Amino acid sequence: MSKKTTPTYVPALVTVATVGVAAGAAYVARTRKKEVTELVVNRVLERPAGRSSYSDLGQSLERAGTLLTGRAARAADTHANREVLAHIIGIERWGQQRLNAALGAAADQTDTYHPYRPPQDTTLKDLQALITSTRAGTVDLTRRLGHNPPEDSLTVNHNGLGPMTTKAWLRYLTQHADLESRKLRGE
């Protein structure tokens with residue numbers, strides 16, 4: 001009875017091919033970063049959000065806000081958890097400021113989110129309250145956008161992702177908080 005053996009070059013070939021694909025993907029990401037970013041923004045944010053009404057987006061923000069508040073309430077009082085919550089709050093406040101431009105407010109389209117973050121020494125309890133009130137502000141902003149909708153083609157700049165429609169911004173804020181809040185750890 002003979003035992004079938006895999007030639008030793010097959011694992012090496014698979015490894016080389018895998019490394020080659022990964023290197024190729026990294027090369028494309030580096031050299032075509034703008035195109036890759038635009039593709040991702042279009043597929044993940046713009047296209048799905050464009051099919052939604054402001055009412056739908058507001059309801060999505062509310063539902064996600066309930067999950068967000070629950071995760072924040074269960075979070076242990078650690079430096080890492082306070083950092084995650086401060087980051088989420090800062091990004092959401094920053095996004096609110098950008099979206100207010102769509103309602104006619106004068107808004108800086110180049111600032112970073114850092115000034116919108118709560119101070120480093122903010123307690124967990126205060127951050128938990130801020131996460132709730134900040135999301136309520138985003139939901140309110142969404143309702144105002146629904147009552148006075150901007151042109152569908154109006155874009156508001158995101159420093160890393162580029163120009164996005166207001167609906168894509170709202171989807172971004174929902175997804176950002178959801179993904180980041182998954183980093184929160186309990187006792």
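**Exercise 1. Two rings in helix α6**

Task: In this predicted model, how far apart in helix α6 are Trp169 and Tyr172, in residues and in helical turns?

Solution:
- Trp169 and Tyr172 are 3 residues apart in helix α6, so about one helical turn separates them.
- An α-helix has 3.6 residues a turn, so residues three or four places apart point the same way.
- Trp169 and Tyr172 form an aromatic pair. Their ring centres lie 5.7 Å apart, and the planes meet at 85°.
- Planes over 60 degrees apart count as edge-to-face, and the pair of Trp169 and Tyr172 is edge-to-face.
- Tyr172 has a relative accessible area of 12%, so Tyr172 is buried.

**Exercise 2. The rest of the aromatic cluster**

Task: How many aromatic pairs does the structure hold, and which residues form the aromatic cluster?

Solution:
- The structure holds 2 aromatic pairs.
- One of them joins Trp94 and Trp169, edge-to-face, at 5.4 Å centre to centre and 65° between the planes.
- Trp94 lies in helix α4 and Trp169 in helix α6, so this pair ties together parts that are 75 residues apart in sequence.
- Buried means under 20% relative accessible area. Trp94 is at 3%, so Trp94 counts as buried. Trp169 is at 0%, so Trp169 counts as buried too.
- Trp94, Trp169 and Tyr172 form one aromatic cluster.

**Exercise 3. The largest pocket**

Task: Which element gives the largest share of the lining of the largest pocket?

Solution:
- The volume of the largest pocket is about 180 Å³.
- Its lining includes Val36, Val40, Val44, Tyr172 and His176.
- α2 and α6 each supply at least two lining residues.
- The largest share, 6 residues, comes from α2.
- By class, the pocket lining has 8 nonpolar, 3 polar and 1 charged residues.
- Tyr172 thus appears twice: in the aromatic cluster and in the pocket lining.

**Exercise 4. Helix α3 and its cover**

Task: What should helix α3 span at 1.5 Å a residue, and how far apart are its end C-alpha atoms?

Solution:
- Helix α3 runs over residues 54–74, which is 21 residues.
- The expected span is 30 Å, and the end C-alpha atoms are 30 Å apart, so the two agree.
- Among the buried residues of α3 are Leu57, Leu61, Ala64, Leu68 and Arg71.
- The cover over the buried residues of α3 includes α2, α4, α5 and α6.

**Exercise 5. Arg71 and the second largest cavity**

Task: Is Arg71 buried or exposed, and which residues does Arg71 contact beyond four places in sequence?

Solution:
- Arg71 is found in helix α3.
- Its relative accessible area is 17%, so Arg71 is buried.
- Beyond its neighbours within four places in sequence, Arg71 contacts Asp178, Ser181, Arg182 and Leu184.
- Arg71, Asp178 and Ser181 are among the residues that line the second largest cavity, along with Arg135 and Thr174.
- α3 and α6 are the elements that give two or more residues to this lining.
- The second largest cavity has a volume of about 40 Å³.

**Exercise 6. Helix α4 and the largest cavity**

Task: How many residues of α4 are buried, and how many residues does α4 give to the lining of the largest cavity?

Solution:
- α4 has 22 residues and reaches 31 Å from first to last C-alpha, close to the expected 32 Å.
- Of these 22 residues, 16 are buried, and α4 is mostly covered.
- The largest cavity holds about 60 Å³ of space.
- α4 gives the largest share of its lining, 3 residues.
- The lining of the largest cavity divides into 4 nonpolar, 2 polar and 3 charged residues.

Key
Residues numbered from 1 in each chain as written. Predicted model: local features only at pLDDT ≥ 70, side-chain atom pairs only at ≥ 80, totals over all residues. Heavy atoms only, no water. Helix = DSSP H or I, 4+ residues; strand = E, 2+ residues; numbered from the N terminus. Expected span 1.5 Å × (residues − 1). Buried < 20%, exposed > 50% of the residue type's maximum accessible area, 1.4 Å probe, protein only. Contact = heavy atoms within 4.5 Å. 1 Å grid on protein atoms, 1.4 Å probe; cavity = no way out; pocket = protein on both sides within 12 Å on 5 of 7 lines; lining within 4 Å. Points joined across faces, edges and corners; volume = space filled by probe spheres on them. Nonpolar A, V, L, I, M, F, W, Y, C, P; charged D, E, K, R; others polar. Phe/Tyr/Trp six-rings, centres within 6.5 Å; stacked < 30°, edge-to-face > 60°.
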